[in-house]
Amino acid sequence: MTVSLRGIRFAYSDEGSGPIVLNAHGLCGSRASERRANLTDYSVVTSAGRRLISYDARGHGESEGTGEPADYSWKSQGEDMIELARHFSPAAPVSAIGCSMGTGALLHAVTTDPERFDRLVLTASPTAWEARAAQGDVYRQLADYAQQKGVEALAKVLAKAPVPPIFAEVEGFPPTPDVTAELLPAVLLGAGLSDLPPQDVIARITQPTLILAWAGDPGHPVSLSETLAAAIPGSTLHVSETRADLRTWGQRAADFLK
């Protein structure tokens, strides 16, 4: 299924019925890559009486994209999320689940248009603020390599990077980017342009918030999730140390969204 918003055709999956939950994946991922990785399963959210809309971010998976890096910033993707919320639930706020890049997009969306959202699940929070400049340099280097060598060559480079212990036995990790060779440099440069909203802005979030982190990954430091938990009033933080515990995230999200 597809829907055209903000000049982009977004591909999405639609499961269950009831109030809307948007599900936003991470950088260079997609609905299909999440299914293949089989790290978490949010389909159980439908058992909580929710309608789960999982979508491919612009330029990812089966969604259309542009060649403009700024279009892939978390701020821009937050605007995409707001429009998706308006489309699928024009009269009522939605809940949302974000992972990494999706968490960045969700935090921009909820701080831009808070009335559109009622509950938040923030997973694998990415680097931010003072640590973001160094991460941005990494993405710029990867974008340059992708532009010169292509997606498959970049995937081989990424496969040689240290794997967090929690993913050590995950087959095919890290996955090949689910972004076309044409768009991959712009997608990576957009990630390099991105940062979370300032902490004082995040501290204004009033929606009930569940924060889920995995341990041992410098790209998604537990310390950042702890900072978010301290900043967002009444939020709940859970940290997974093992892959088995990571598999509980779907049910944790479902229980939280009931």
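This report describes the sheet, the helices packed on it and selected residues of a predicted model.

## The sheet

Eight strands make up an open sheet. Their order is S1-S2-S4-S3-S5-S6-S7-S8, and the pairing is mixed. Strand S1 (2–5) and strand S8 (236–240) are the edges, each with a partner on one side only. On average, neighbouring strands are turned by 25° against each other, direction ignored.

## The S1–S2 hairpin

S1 and strand S2 (residues 8–15) run antiparallel and are joined by four bridges. Leu5 stands opposite Ile8 in S2. The two strands form a hairpin with two residues between them. Arg6, in the turn, has a positive phi of about 50°.

In a regular strand, side chains alternate between the two faces of the sheet. S1 shows this alternation. Val3 and Leu5 point to one face and are buried. Thr2 and Ser4 point to the other face and are not buried.

## Strand S3 and its partners

S3 is mostly covered, with five of its five residues buried. Both of its faces are covered. Ile20, Leu22 and Ala24 lie on one side, and Val21 and Asn23 on the other.

S3 pairs with strand S4 (residues 51–55) in the parallel sense, over five bridges. Within this pairing, Ser54 of S4 is the bridge partner of Asn23. The chain passes from S3 through helix H1 (residues 31–37) to S4. This β-α-β crossover is right-handed. S3 also runs parallel to S5, joined by four bridges. Here Val21 stands opposite Ser95 in S5.

## S5, S6 and the helices on the sheet

Strand S5 (residues 94–99) and strand S6 (residues 117–123) run parallel, with six bridges between them. Ile97 stands opposite Val121 in S6. Helix H3 (residues 101–112) packs on the sheet. H3 touches strand S3 (20–24), S5 and S6, and its direction makes about 150° with that of S6. Helix H10 (residues 249–257) also packs on the sheet. H10 touches S3, S5, S6, strand S7 (209–214) and S8. The direction of H10 makes about 170° with that of S7.

The buried residues of H10 are Trp249, Gly250, Ala253, Ala254, Phe256 and Leu257. Seen down the helix axis, they fall within an arc of 165°, so they line one face of H10. They pack against S3, S5, S6, S7, S8 and helix H9 (243–246).

## Helix H4

Helix H4 (residues 132–149) has 18 residues. From first C-alpha to last it reaches 25 Å, close to the 26 Å expected at 1.5 Å a residue. Just after H4, Gly150 takes a positive phi of about 100°.

An α-helix has 3.6 residues a turn, so residues three or four places apart point the same way. In H4, the buried residues are Arg132, Gln135, Gly136, Tyr139, Leu142, Ala143 and Ala146. They lie on the same side of H4 because they cover an arc of only 120° around the axis. These buried residues pack against helix H2 (74–88), helix H5 (151–159) and helix H6 (184–192). The face turned away from the buried side carries exposed residues: Ala133, Ala134, Gln141, Gln148 and Lys149.

## Two residues in context

Thr46 lies in the loop between H1 and S4. Its relative accessibility is 26%, so Thr46 counts as partly exposed. Leaving aside neighbours within four places in sequence, Thr46 is in contact with Glu15, Gly16 and Leu52. Thr46 and Ala254 are 208 residues apart in sequence. In space, their C-alpha atoms are 7.6 Å apart. Ala254 is one of the buried residues of H10.

Gln77 has its place in helix H2. Gln77 counts as buried because its relative accessibility is 4%, under the 20% cut-off. Not counting residues up to four places away in sequence, Gln77 touches Ala57, Asp71, Tyr72, Met101 and Ala105.

Terms used
Residues are numbered from 1 along each chain as its sequence is written. This is a predicted model: local features need pLDDT of at least 70, side-chain atom pairs count only at pLDDT 80 or more; totals for chains, interfaces and linings use all residues. Side-chain values use heavy atoms; hydrogens and water are left out. Two strands pair if DSSP finds at least two bridges between them. Axes are lines fitted to C-alpha atoms, for helices over the stretch in contact, and angles run from 0 to 180 degrees between N-to-C directions. Contact means heavy atoms within 4.5 Å. Buried means under 20% relative accessible area, exposed over 50%, partly exposed in between (1.4 Å probe, protein chains only). A crossover is right-handed if, with the strands pointing away from the viewer, the path from the first strand over the helix to the second runs clockwise. The expected span of a helix is 1.5 Å times one less than its number of residues. The arc is that of the directions from the helix axis to the C-beta atoms.
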